[in-house]
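Reader: I am new to this structure and would like to understand how its descriptions are justified. Please show me the structure before we begin.

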Amino acid sequence: AICFLASHPSHLSLPSLVVVVVMIMMLNVMIVALAVVVVASAQQHTPSSSSPLPETSELFVVDDDLSSARYVPMWSPPPSTTTNGQQDYGKHEPRFHVWTPRVIVPSGGVSPVLPLVLFSVGWNASCKDHFHATLAETASKLGAVVCCPKERDELAACETTLRHWWALVTAASGIELSRTDVAVVGHSMGGAQALMHSAWRHSSKAIAPPKVTVSLSPYLLGGTTLDDTPPPLTSVRNPIVFVTGDADISAPPIIPKAMMATEANSTSTQGGGVGNDRLYYEIENGTHNDIQDPRGALNSAQLDSCLNLFRRLSPIALYAPEQVHENADELMKCANATDNNARLAAHRHLYLALACYLDSANHDAVADVSACTAWREEGRAMAQIAAASQQAIEAARHAQEAVVAAGG
């Protein structure tokens, strides 16, 4: 239009000038809008400079709310789209939760290979709600990648989905996720699931067995549990670390003791017993929730009262549930009672188990290499004593008889 008016001055008039001005203004608006879209798109797809991990919106939404580790919720498949065509992530809990080290420093110019920690939660527990700080600190301190499924029996699916995504990380940064340096950890019923998954890895020819299995306050007895039937410990041929507490009434110490006694009995004909690859730690004043994130605070008098009640009921909780029910009101008040020293001890055992058995973990988490040796020796000695106790032997025998009576 501008060229036409310039070559035909007779057609130049005020209305025609207005048309030209309006057209120029519209063109400018379109150019600015296009520039905004391009810049926004570039920012959205540029990885954060603080971490080499790429963002893939089809499965992941990165949450940068931690300074020590990066939390990545994973949806597989993605949630259904809303009316505006956007993924409705806010109304759906992720199927898998991942924590990674925020800062990954290459060693000697070579991109590192990170260890993998699979974590299984217990009944009615959430990876993000109950273990967020614990798993983030595990990733940060040990330089590990942590994968925690929403459902405790989806450890294998969690690992498969994570490795599919990690191929993008390796392509973008060269940082690899180890296929052999793997630890399996679980709490409560997740502690039983960790043992089951470890046994499955040993039986599978397509996947490497774990370097260590950490069973925190496992909820099972002599080979049985409320909702799963785990294999005998003889099927788990890698080291197992049991961590429990003398004030745990939800999953009392007699459970891992009976498991080890059952294993010792099954291997006694070969001159066995509890081998050097079984470690046991019973924390003084330890409750069922020590390894979880802090859930509440009690004053010292209330805490002492709760711990005394827990310690009194823990040895009989499985055999005399009516006495537990008689104290239901007091137990409700004590639901989140945890002793800070016991909490620190539980976390120390978790970190030592991972740092001392994972080859590519950040060994700065252990102040001295000799700390691993002393810690292992203590756990092995305690495992021998725990499995040989009369209480454990009787519990193992009764549990086996119950399985047989039920047709197992």
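Author: The following exchange sets computed values of this structure against the definitions behind its descriptions.

Reader: What kind of model is this, and how many helices and strands does the protein chain have?

Author: This is a predicted model. The protein chain has 12 helices and 8 strands, and 47% of its 408 residues count as buried. Among contacts between residues at least 6 apart in sequence, 74% join residues at least 24 apart.

Reader: Why is Ser217 called buried or exposed?

Author: The relative accessibility of Ser217 is 6%. The term buried applies under 20%, so Ser217 counts as buried. Ser217 is placed in the loop between E6 and E7. Its phi is near 45°, a positive value in a residue other than glycine.

Reader: How do you know whether Asn285 counts as buried?

Author: The reasoning uses the limit of 20% relative accessible area. Asn285 has a relative accessibility of 17% and therefore counts as buried. Its place is in the loop between E8 and helix H7 (300-313). Asn285 also has a positive phi, near 65°, and is not a glycine.

Reader: What makes the length of helix H4 agree with the expected span?

Author: Helix H4 covers residues 155-173, which is 19 residues. At 1.5 Å a residue, H4 should span 27 Å, and its end C-alpha atoms are 26 Å apart, so the two values agree. H4 has a kink of about 30° centred on Trp165. After H4 comes Gly174, whose phi is positive, near 85°.

Reader: Which residues of H4 are buried, and what do they pack against?

Author: The buried residues of H4 are Leu155, Cys158, Glu159, Thr161, Leu162, Arg163, Trp165, Trp166 and Val169. The buried residues of H4 pack against strands E1 (69-74), E2 (96-101), E3 (113-120), E4 (145-149) and E5 (176-187), and against helix H5 (189-203).

Reader: Where does Glu154 lie, and which residues does it touch?

Author: Glu154 lies in the loop between E4 and H4. Leaving aside residues up to four places away in sequence, Glu154 touches Arg95, Phe96 and Pro149. Glu154 and Leu118 are 36 residues apart in sequence, with their C-alpha atoms 10.0 Å apart in space.

Reader: What makes strand E7 mostly covered?

Author: Of the 6 residues of E7 (residues 240-245), 6 are buried. Both faces of E7 are covered: Ile240, Phe242 and Thr244 are buried on one side, and Val241, Val243 and Gly245 on the other.

Reader: How do you know that E7 pairs with E6 and E8?

Author: Pairing requires at least two bridges between two strands. E6 (residues 212-216) is joined to E7 by 4 bridges, and E7 is joined to E8 (residues 278-283) by 6 bridges. Both requirements are therefore met. E6 and E7 run parallel, as do E7 and E8. Phe242 in E7 stands opposite Ser215 and opposite Tyr280 in E8.

Reader: Why is H10 described as largely enclosed by the rest of the structure?

Author: Of the 18 residues of H10, 13 are buried, so this helix is largely enclosed by the rest of the structure. H10 (residues 340-357) reaches 26 Å from its first C-alpha to its last, close to the 26 Å expected.

Reader: What caps the N-terminal end of H10?

Author: Asp339 caps that end, with a side-chain oxygen 3.2 Å from the backbone nitrogen of Asn341. A polar contact requires N or O atoms within 3.5 Å, and the distance of 3.2 Å lies within that limit.

Reader: Which residues touch the most other members of the largest nonpolar core?

Author: Among the 41 residues of this core, they are Trp99, Phe119, Val214, Val241, Leu354 and Trp375. H10 gives the most to this core, with 10 residues. A second, separate core of 20 residues includes Phe96, Val98, Leu114 and Leu116.

Reader: Why is His97 called buried, and with which side chain does it make a polar contact?

Author: His97 has a relative accessible area of 1%. This value is under 20%, so His97 is buried. His97 lies in strand E2, and its side chain makes a polar contact with the side chain of Tyr71 at 2.6 Å.

Conventions. Residues are numbered from 1 along each chain as its sequence is written. This is a predicted model: local features need pLDDT of at least 70, side-chain atom pairs count only at pLDDT 80 or more; totals for chains, interfaces and linings use all residues. Side-chain values use heavy atoms; hydrogens and water are left out. Helices (H or I, at least four residues) and strands (E, at least two) are DSSP runs, numbered from the N terminus. The expected span of a helix is 1.5 Å times one less than its number of residues. The bend at a residue is the angle between axes fitted to the seven residues ending there and the seven starting there. Buried means under 20% relative accessible area, exposed over 50%, partly exposed in between (1.4 Å probe, protein chains only). Contact means heavy atoms within 4.5 Å. A polar contact is a pair of N or O atoms within 3.5 Å; within protein, one must be able to donate a hydrogen and the other to accept it, and residues adjacent in sequence count only if both atoms are side-chain atoms. A nonpolar core is a set of buried Ala, Val, Leu, Ile, Met, Phe, Trp, Tyr and Cys residues joined through side-chain atoms within 4.5 Å.
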